[in-house]
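Visitor: Before we look at the structure, I should like to ask how its descriptions are justified. Please set each value against the rule behind it.

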Amino acid sequence: MKDYITIIGGGLAGSEAAYQIAKNGINVRLYEMKPKVFSPAHSNHNLAEIVCSNSFKSNLHTNACGLLKEELRLLDSLLIKIADETAVPAGQALAVDRDVFSRRVTEELKKMDNIEIINEEVGDTKHLRDLIDEGIVIIATGPLTSDKLSKEISELIGNNDLHFYDAAAPIVTRDSIDMNIAFWGDRYDQERAKEEDVELWKEMAKNIVNSDYINLPMNKDEYEKFWNELINSEVAKLHEFEKREIFEGCMPIEIMAKRGIDTLRFGPLKPVGFTDPRTGYRPYAVVQLRQDNKEGTIYNLVGFQTNLKFGEQKRVFSMIPGLENAEFEKYGVMHRNTYIDSTKLLDNTYNYKQKNNVFFAGQITGVEGYVESISSGLVAAINAVNKFKGIDEKKVFSNLTMIGALADYISTQNDRLQPMNANFGILPPLDEKIRDKKLRYEKLADRALDNL
Ligand SMILES: Cc1cc2nc3c(=O)[nH]c(=O)nc-3n(C[C@H](O)[C@H](O)[C@H](O)COP(=O)(O)OP(=O)(O)OC[C@H]3O[C@@H](n4cnc5c(N)ncnc54)[C@H](O)[C@@H]3O)c2cc1C
């Protein structure tokens, strides 16, 4: 094995990883394709470029990303330290001067004489398989990994496990769903007694609890009002480079709705196979929610991949009976995003199960967001260091912490990974039930920091 660790990609995750490894006295070779090659969203010559908003979100501990940042401060994250130092006024949010931030990260990494920065595109003259043969590699090339390297990554992990677009539906907390309206059950479970009387149907439907799905029935009036708002709601702007291909694989619900008033009722909101326990009859339409984490604390809206603005998602989807007071832990997004199916491929230290000298970090693992990418870079690096030193034990963060819960979420066997940002829904619930959201988040944050 060579006397260095290779990192591919000098973005947020790769830069954090480089620091964490180098400060342990281990040599780092950091491959960054800029300034020779730029992705469609990058333009700055420095490392750790912030490609869009300059906000690292809230600093409050009652905000999941605020908690994650605090955990990263306690773990000596270089990038969060520099973000704090280069902050610009933004209320309780941490926003940075993006140019100064990237320049400072680059300067700090260049100061460390055991980091060698190599400005080359891996997949062009240097190849992934050769780097992997040489020693420990962290792949941190982000949501816009170059085409050449994407090809080499899919050769490594298999074609079906590398995705290029992210079409995610919103996710709500289970406790915020009105279970006086919602009912449990898979399609057709409730219609088995079709010819029996209505009272029997009602009883049967009531008795199903904890199936994989929660169903939200709608009558004609509710459905038509919802449909009308949906087709008139405001969508988020896509980047130029995303416009061409984004909708090829997966149609947003608002576009599907525009095809006709009944299109959704014959598609994702099909009521066939359901009986509303309140009426004993088939509803006019049904929205299904599917369990999203192993604790069953968060549920996604099935078929609701959307490009609506976040505020519009809250307004329009809260019109669905049973979601009036829903807490949205994550909004739906549709964007260009290269990521691997980590649920199958990685463990909760971001280590590739098939070749344990390979780690992935950053958005390519299915974590989503600046701070989340930094956190995965830090965890992958700590574990790469252990591997380098021949320490068998892995450094796994408790899933009671946000940093650990994220690693746990993306690596837990599921249908197929939906990228995830920091949110309180992925933490195991508290022992006590606390209705007040702020107080609940405070307790979850205290528990996380105690655990860390
Ligand atoms: C257009 C866009 C807007 C976004 N906006 C936000 C936002 O506002 N807020 C937010 O929290 N998150 C946002 N994200 C999501 C994400 O958090 C950021 O993309 C974040 O930068 C991801 O960090 P990363 O380290 O995984 O990847 P990046 O920061 O993108 O770093 C990857 C690095 O790898 C390099 N690279 C790629 N291929 C190769 C190769 N073959 N060889 C060598 N180097 C290579 C790239 O040049 C880049 O420097 C956005 C993503 C995109 C694409």
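Guide: A helix here is a DSSP run of H or I with at least four residues, numbered from the N terminus. The model is a predicted one.

Visitor: Which helix supplies the largest share of the shell around the ligand?

Guide: Helix 1 does, with three residues. Helix 1 spans 12–22, and both helix 1 and helix 13 (370–388) give at least two residues to that shell.

Visitor: What makes a residue count as being around the ligand?

Guide: Its C-beta atom, placed from the backbone, must lie within 6 Å of the molecule. There are 35 residues around the ligand, and G9, G11, C52, G142 and G362 come nearest.

Visitor: How do the residues of the shell divide into nonpolar, polar and charged?

Guide: The shell holds 15 nonpolar, 17 polar and three charged residues. Gly counts as polar under the rule applied.

Visitor: How do you know whether the radius of gyration of the protein chain agrees with that of a compact globule?

Guide: For 452 residues, a compact globule would have a value near 22 Å; the protein chain has 23 Å, and therefore the two agree.

Visitor: Into which domains is the protein chain divided?

Guide: Domain 1 comprises 4–166 + 336–451, and domain 2 comprises 171–331. Their C-alpha centres lie 33 Å apart. The contact between them takes 15 residues from domain 1 and 15 residues from domain 2. On the side of domain 1 that touches domain 2, nine residues are nonpolar, four polar and two charged.

Visitor: What share of the residues is buried?

Guide: Buried residues, those with 20 or more other C-beta atoms within 10 Å of their own, make up 48% of the 452 residues.

Conventions. Residues are numbered from 1 along each chain as its sequence is written. This is a predicted model: local features need pLDDT of at least 70, side-chain atom pairs count only at pLDDT 80 or more; totals for chains, interfaces and linings use all residues. Domain bounds come from an automatic or database domain assignment. Two residues are in contact if their C-beta atoms, placed from the backbone, lie within 7 Å. The radius of gyration is taken over C-alpha atoms; the globule rule is 2.2 Å times the number of residues to the power 0.38. A residue is buried if 20 or more other C-beta atoms lie within 10 Å of its own, exposed if 12 or fewer, and partly exposed in between; C-beta atoms are placed from the backbone.
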